[in-house]
Amino acid sequence: MNRAFNFNAGPAALPEAVLQKAAKECFNYNGTGMSVMELSHRSKDYEEIHFEAVSLLRKLLQIPDDYEVLLLQGGASLQFSMVPMNLLKRKKTGYYVLTGSWSEKALKEAKKIGQTSILASGKENNYKSIPDLSGIQVQNDAAYVHITSNETIHGTQWHKFPKHLSAPLVADMSSDILSKPINVQDFGLIYAGAQKNLGPSGLTVVIIKKELLSLSEDELPTMLNYRTHAENNSLYNTPPTLAIYLFKLVLEWVDSIGGIEKISKLNQEKAKILYDVIDNSDGFYIGHADPDSRSHMNVTFRLKSEETTAAFLTQAKENGFIGLNGHRSIGGCRASIYNAVPLEHVIKLADFMKSFKSQY
Ligand SMILES: *Cc1c(COP(=O)(O)O)cnc(C)c1O
């Protein structure tokens, strides 16, 4: 059977090679006579998968030794709460940069835990661009500055991270982690739900500077304390073993095709193909994001009228393109082109967009 042209926003496409390997190993993983799902999480076979996944992520993202990698559950959404629970002390303030729905949600949860402040916001601008932070400083009371590196719903992305801020930078990287090189040292904490670029849902990755772990207080619920997971190699309780196994296979795939540099070039190429169609369409396709804030992962656009947008989505579906509807909160169209979406599928979509336009 042919693979679908899958442009889903998350859970999203996985590399075909990963699915094939997982299928092959399903009945008998490494001679155990069991699938990975059936292994004890305390077994040597599982532990190898677990530690290899962490070490591959360390290698691919060049994570320094003074950072801990945690494999957690609860999605990025639980991190909206865990970040302030662990890092936001009394008399301190969590500063938030609002760039869309996900950063709004992160702020909403932090407000329940402690003092917060909005450092900058793109809301008045309909979240079309990433606010410029140059010239903006945080006060001494800052516990951290929170950003969303890629706003999945609006289709905007930070292309340069702030470096001048005198507080740890915390980033929700759910929808662009592993899509391009980053300097982990620029961040105090990075978190990401796995289901966009890292694997299936059920796993959340947290990369935290070790010195921040001392802020977590013993009074916190054990499972919500970063230190619990750091001290137990993310094996305090049963981890999502199948998701971590698939995560490991995805990391091996990234490594095998040339690592982050290669992936990043491919992603730029894929994004350019779609943005070129939009920019060369004489206003037939209207991009949501300002050009300098455009996401390389989620390409958001609409057509001139609601009717043409609807007709486009219907025809796209008939032609086998999956997941092109914009998020229900903003409508329009969105093509999510994460790492695992093949270049050929993006070219097919671009061709379809051009031929749909020529019909009108
Ligand atoms: C998908 C997404 C989330 C939500 O992730 P869950 O794992 O469903 O909680 C949060 N932030 C961003 C940027 C996302 O893309």
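Domain bounds here come from an automatic or database domain assignment. The model is a predicted one. On that assignment, the chain is divided into domain 1, residues 16–256, and domain 2, residues 259–359. The centres of the two domains, taken over C-alpha atoms, are 27 Å apart.

The interface between the domains was examined next. In domain 1, 28 residues are in contact with domain 2, which contributes 25 residues of its own. The size of an interface is often given as the accessible area lost when the parts come together. For domain 1 and domain 2, the buried area is about 2100 Å². Carbon and sulfur atoms account for 54% of that area. On the domain 1 side, K128, I153 and G155 lose the most area to domain 2. Together these three residues make up 24% of what the domain 1 side buries.

Polar pairing across the interface was then considered. The rule finds 16 residue pairs in polar contact between domain 1 and domain 2, with both residues at pLDDT 80 or more. Zero salt bridges are found across the interface of the two domains. Three elements of domain 1 each give two or more residues to the side that touches domain 2: α2 (44–61), β7 (156–157) and α6 (241–256). Helix α6 provides the largest share, three residues. By class, the domain 1 side that touches domain 2 has 14 polar residues, nine nonpolar residues and five charged residues.

The ligand site was treated separately. The ligand is surrounded by 13 residues. The closest are S77, T152, D172, Q195 and K196. Two of these residues, D172 and K196, place polar side-chain atoms by the ligand. For D172, a polar side-chain atom lies 2.6 Å from a nitrogen atom of the ligand. For K196, the partner is an oxygen atom of the ligand, and the distance from a polar side-chain atom is 2.8 Å. A76 uses its backbone: an N or O atom of the A76 main chain lies 3.1 Å from a ligand oxygen atom.

Two backbone features were also noted. The peptide bond from G10 to P11 is cis, with omega near -10°. P11 is placed in the loop between β1 (5–6) and α1 (16–24). Q62 is not a glycine, yet Q62 has a positive phi of about 50°. This residue, Q62, is found in the loop between α2 and β2 (67–72). Helix α2, at one end of that loop, is also among the elements that give two or more residues to the side of domain 1 touching domain 2.

Technical notes: Residues numbered from 1 in each chain as written. Predicted model: local features only at pLDDT ≥ 70, side-chain atom pairs only at ≥ 80, totals over all residues. Heavy atoms only, no water. Contact = heavy atoms within 4.5 Å. Buried area = accessible area lost by both parts, 1.4 Å probe. Salt bridge = Lys/Arg side-chain N within 4 Å of Asp/Glu carboxyl O. Polar contact = N/O pair within 3.5 Å; in protein donor to acceptor, adjacent residues only side chain to side chain. Helix = DSSP H or I, 4+ residues; strand = E, 2+ residues; numbered from the N terminus. Nonpolar A, V, L, I, M, F, W, Y, C, P; charged D, E, K, R; others polar. Near = heavy atom within 4 Å.
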